Amino acid sequence: MKRLREFEYYEPTSLEEASRMLAEAEPDARVLAGGTDLVVDMKTGRMRPSTVVNLKRIPDLTGIEDADGGTRIGALTKVDVVEVSPLVVERHPALAQAASILASPPVRALATIGGNVGRASPASDLGPALIVSDAVATIHGVDGPRDELVEDLYTGPGATSLARSDIITALTLPARRPGFGSAHVKLGKRGSGTDIALAGASASLVIGDGGEIIDCRIALASLGPIPFRAVGSESVLRSEILTEALLEAAAEAAAGDAKPIGDMRASSAYRTRLARVLTLRALHGAVESAGAGVAA
Amino acid sequence: MMIDLDVTINGVHRHITTDPRLTLLEVLREQVLLTGTKEGCGVGECGTCVVLADGKPVTSCLILAGDADGVTIETVEGLATDGVLTEMQQAFVKTGAFQCGFCTPAMVLTATAIFRENDNPDIEDVKKALGGILCRCGAYPKILEAVIEVKGEGT
Amino acid sequence: MTTYVGARVPRVDSVEKVTGGAVYGVDVAMPGMLHGAVLRSPYPHARIVSIDTSAALAAPGVEIVVTGRDFPLLFGAAIKDQPFLAIDRVRYVGEPVVAVAAASEAQAQEALDLIRVDYEELPAVVDMRSALDPDAPLVHPDLHTYKRGPNDIVPHTNINTLYTYERGDVEAGFAAADVVVEGEYSAHAISHVALEVHAAIAQYDSGSGGYTLWVSTDRPFLLRNELAAGLGVDSSRVRLIVAQVGGSFGAKGVPVAEAIAVALARHSGGRPVKVEFTREEDLVASQLRVPAIMKLKTGVNRNGLMVARSAEVLWDSGAYTAYTVGVAIRGSQTIIGPYRIPDLKILSRQVYTNKSITGSYRGYGTTQVTWACETQMDEIAVELGIDPVEIRLMNGYEEGDAYLNGQIMRSVGLRETIERSAVEIGWGSVEREPAPNLRRGKGIATMIKPTMTPSSSNVVINLEQDGRVTVICAAPEIGSGQDTVLAQIAADAIGVPLSDVSVPATDTLLTPYNGPVASSRTTYHMGNAILDAGGEIREQVLSLAGEVLEVEPETLEMRDGIICDLDGELQITLKDLLAKFYGEYYSITAGARFSSANSPLLKADPGEEWMSSIFWMLCTQAAEIEVDTDTGVIRVLKVAAAADVGKAINPMTVEQQIEGGVVMGLSNGILEGFSYDNGRIENGNLADYKVATIMDIPPIVPIIVESVHDEAPYGAKGVGEPAAAATPPAIANALYDAIGVRIRDLPITPEKILKAMGELEAD
């Protein structure tokens, strides 16, 4: 099988040490989180880092805990742990659902949530789920820690705004408002879902007692160069009363927000259709998760 | 640049000096000479490289050697003791849950891990847990029969 | 009366398979072994201008670098057109150009980057229709000069196989028919995706000029002979030692890794060289199923009986013919299906294209033609307003019918396969609309397959002094459980316990000749050889026992190693007999050769005997599917698959083959496919070439149908191939039943379904 090329391998014990290694390695260096993207990229030749910096010895990078009603997830937390964490399942179903259909179980047991964000695949399963949950990434850089919305990190296919020596240390999902519900839906090549997404949609809603949509987020995967918010779709929903017709209109608008390419996996026409279909399904899921009903 | 690993493989503690550019799978097959774990694709898509790492099924072709330091690993060779097959292995034999056998180590190991967590798992959950391992011979129906056999439900 | 034949015994290879102890081709390692890697063509068609290997030769660990100029030999099963390494030009993306052997696999792979090859691109022909154009670039301009078997070619074209067949007068048949139904259907290239990739170790002995190979193959002797012919040496100069095979499905007969390993071993000074393909190489540079475009026209009367059929099939061999010639000829015949049709015309052509090589794939052409035949069968049913089950029963072969060539068909369980699978699927009732976006339907499809005829198998059986039996035959266990079945036959033929029988690995130096473990032929042919040799051993033993006990041997029987009189009274055990009679170590040996040639069952119209088959396999599948009209995704809810196997020597292994065939057929039909960009495969990796997982399969009900075959060992025919063919058309027919959408081009994809529904614009 494909063999890896030689590289320098380090296991720093602090963020400072790791950042420094990443900054100083010549010609380049990559962070090793779960390895499920990096090792594949190194085998296919998409990446040939001269230095690999394994973060596993750095403390406080794993674990899921309450943070003032919000949920803090260490960046190195395995995706299969995120999938079943009671806090995540209860508070952020979109993320739990996205985690449950990422790759396959033995890969999820290695993949990390931080690694997935850093890889920035346009087909990312977790990206849209994090976006609709207003997730914030805590990043350690040469100037110390900073917070950024996950949504703002993605700059292009496989690219983020992170500097070479930046390390994502945690993802924090803020406390939910009353009436919040979320869901994630994906379609892969196999109906069973454990594939690269042909299209994916996450939705979150905050629904008032009178059925009005106080706030909403819709994020799409594989329907543009990066996981992105379908703002056109959101504007159809915001401040309106929840009805089935409204959800369908929002789904239709999502198809308009999508800018999918046609490639060997799917045509752009099919992806556009899936944008509508999957957004509607994600919205239904979000409504159900919020415990609300939908007027016809 | 060589690295040192402290690992436990099938209950035996080992100190291995190895090349960091090897994957755990390559170390197991080529250095430790446990060839029961297979390499079918090298990129985590086929599941034939699955081993148990600290009890969890993982695709060992994606684990860099260095990342295996300190881990407790079980491969298919660690299941039977003194030639006595485990209950799961016997069930696979009885129902004919293999054909060419190439995916069988991964299937048996994963099924074993499932039952360690829960001796009466839901069949749909079993299918999901096995969903990352390809069986091109199509032994899936009898693999499920073997699992049902161990569950004790029968037909 | 049998003890083991007919019983559901566990596989004899069970323990090694469930403990990880089985050694496959990829697991074999030798001391001093070098590792190979291959530099491959990036172009579909190009002239090789120059190759500079100097930097690679100087790279760390590299011992050998070989180009086609160093090893300018050709091989090929039907047409000797394929170089071990490209010589002066490359003809497909992925063709091996330079081979490197180094101390480690990593060093060999890294050395590839240091090799400079200058190519001059040539115009390429990348689809089979274009390959027929008079102005098409010729993939093999010198085809007419190549050494080849008796198949017809069309010189100075890309047509490497031409086969025609006619019977009666189709034009008159069409003119007289009430209705004529026409259609064009296509089957796509797919990969076997055996989980064990192609791998081989080769070692050259300069003293004898011979090669030893450690391989994983389904046809040791055919592979050996093809390699020897390519190397220009006598066949016994090449020795194949066969490991366990991690899946073949028809993939592991062509010299793939073996060709590279041999080319490197020739120059390695006696060191063994191992070549193990990456999965990506396995997907694009081994062999694929032969794609086919099939025009089918059938004349039928209002009462449902078919009266005339013409078929025009175009096959795509890719850049070299490998095993495709037989597919194009034999496969084309079965486009007629298991149906009585008096007037027939078949035109089959196969063309070279500048694409990946294609070849034998579980069914040898039958999965492709069954797709066309069974899709059109349903179109006929719809046109006439006749139930799809009924129309198949009406036209299907029955015992004693004549095949196309006049062969009288025996052991024809077709009707039962149709009836039982229809009953099992609940034919005639469907819950049509379980949800607003879901529709359900049921479909049925049947198929027929011959086995390669004639063919032969040899066996040598040793009975050791301690009562153990060794069945020495070249029948590598490829996963179908045939070694278990052969052991069961041996145990009953001789009369010993199954646990005392072993079927050791194949070594062409020691195991006598066998045809391939392919064409579903092993149980029948090797089984008959074993019956013969085993019977001889039994006779010798009983004769010995007669001497010892001072009775006539005819008054004795042996079962499970116990020799009894005709009333079942114990007389002596086999072990005691052997111990008593032989003062020193001794064994009893018998050998047999079985061939299907000259069987009276093959009698046919003069000149057409070659189309006969020593047995026919019939298989019918009924499927229920659910389609999501929003996404176009099909979920298969259930498949009932019935196969006429003659007699199930081991019902469990028969079920394994039926179930396995359905899983493969489902995967082939709705999940798999390659995307090409000017001859280059874009998705040559398992992330983008998807095969079915345990999550993708429905409940499958295997139905074993038995029928009487007078010459089969205990009545057993074959079962390995048929089940993969009927699944895609059964699913497509169920789709039509659900939403009235007809798909004629494989694979069946959500996009095609939505487009056919008018719900999706073309891109």
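Modeller: A polar contact is a pair of N or O atoms within 3.5 Å; within protein, one must be able to donate a hydrogen and the other to accept it. On that rule, chain A and chain B have 13 residue pairs in polar contact, both residues at pLDDT 80 or more. Keep in mind that this is a predicted model.

Colleague: Which elements of chain A each supply at least two residues of the side that touches chain B?

Modeller: Strand S1 (8–10), helix H2 (38–44), strand S3 (51–54), helix H3 (79–84) and helix H6 (105–108) of chain A do. By class, that side of chain A has 15 nonpolar, five polar and eleven charged residues.

Colleague: What makes Arg3(A) and Glu30(B) a salt bridge?

Modeller: Distance and atom type. The closest N and O atoms of Glu30(B) and Arg3(A) are 2.7 Å apart. The cut-off is 4 Å between a side-chain nitrogen of Lys or Arg and a carboxyl oxygen of Asp or Glu, so the pair qualifies.

Colleague: How many salt bridges does the rule find across the interface of chain A and chain B?

Modeller: Six.

Colleague: How many residues of chain A and chain B are in contact?

Modeller: 31 residues of chain A contact 31 residues of chain B. The area buried between these chains is about 2500 Å². Carbon and sulfur atoms give 58% of that area. In chain A, Met1(A), Tyr9(A) and Pro106(A) lose the most area to chain B. Together they account for 22% of what that side buries.

Colleague: Let's go to single residues. Why is Thr77(A) called buried?

Modeller: Its relative accessibility is 4%. The limit for buried is under 20%, so Thr77(A) counts as buried.

Colleague: Where in chain A is Thr77(A) found?

Modeller: Thr77(A) sits in the loop between strand S5 (70–74) and H3 of chain A. Beyond four places in sequence, Thr77(A) is in contact with residues including Leu61(A), Ile64(A), Val82(A) and Ile113(A).

Colleague: How do you know that a polar atom of the side chain of Thr77(A) lies within reach of the backbone nitrogen of Gly63(A)?

Modeller: The two atoms are 3.1 Å apart. The polar-contact cut-off is 3.5 Å, so the distance condition is met.

Colleague: And Ala29(A)? What makes Ala29(A) buried?

Modeller: Ala29(A) has 9% relative accessibility. That falls under 20%, so Ala29(A) is buried as well. Ala29(A) lies in strand S2 (residues 29–32) of chain A. Not counting residues up to four places away in sequence, Ala29(A) touches Leu22(A), Pro49(A) and Thr51(A).

Colleague: What separates the C-alpha atoms of Ala29(A) and Ser104(A)?

Modeller: 28 Å in space, and 75 residues along the chain.

Colleague: Now chain B. Into which domains is it divided?

Modeller: Domain 1 covers 3–78 and domain 2 covers 87–154. Their centres, taken over C-alpha atoms, are 22 Å apart. The contact takes 15 residues from domain 1 and twelve residues from domain 2 of chain B. The two domains bury about 1100 Å² between them, 68% of it on carbon and sulfur atoms.

Colleague: Why do Arg116(B) and Glu74(B) meet in a salt bridge?

Modeller: Their side chains come to 2.9 Å, N to O. The rule asks for within 4 Å, so the pair passes. The count between domain 1 and domain 2 of chain B is one salt bridge. Strand S3 (residues 50–53) of chain B gives the largest share of the side of domain 1 that touches domain 2, namely three residues. That side divides into six nonpolar, five polar and four charged residues.

Colleague: Last one, chain C. How many salt bridges does the rule find across the interface of domain 2 and domain 3 of chain C?

Modeller: Zero. The rule does find eight residue pairs in polar contact there, both at pLDDT 80 or more. Strand S20 (438–450) and helix H16 (651–670) of chain C each supply at least two residues of the side of domain 2 that touches domain 3. That side has twelve nonpolar, seven polar and four charged residues.

Colleague: What area is buried between domain 2 and domain 3 of chain C?

Modeller: About 1600 Å², of which carbon and sulfur atoms give 59%. Met452(C), Pro713(C) and Tyr714(C) supply 38% of the area that domain 2 buries against domain 3, more than any other three residues.

Notes
Residues are numbered from 1 along each chain as its sequence is written. Chains are lettered from A and ligands numbered from 1 in the order in which they are written. This is a predicted model: local features need pLDDT of at least 70, side-chain atom pairs count only at pLDDT 80 or more; totals for chains, interfaces and linings use all residues. Side-chain values use heavy atoms; hydrogens and water are left out. Contact means heavy atoms within 4.5 Å. Buried area is the accessible area (1.4 Å probe) that two parts lose on being put together, summed over both. Helices (H or I, at least four residues) and strands (E, at least two) are DSSP runs, numbered from the N terminus. Ala, Val, Leu, Ile, Met, Phe, Trp, Tyr, Cys and Pro count as nonpolar, Asp, Glu, Lys and Arg as charged, and the others, Gly among them, as polar. Domain bounds come from an automatic or database domain assignment. Buried means under 20% relative accessible area, exposed over 50%, partly exposed in between (1.4 Å probe, protein chains only).
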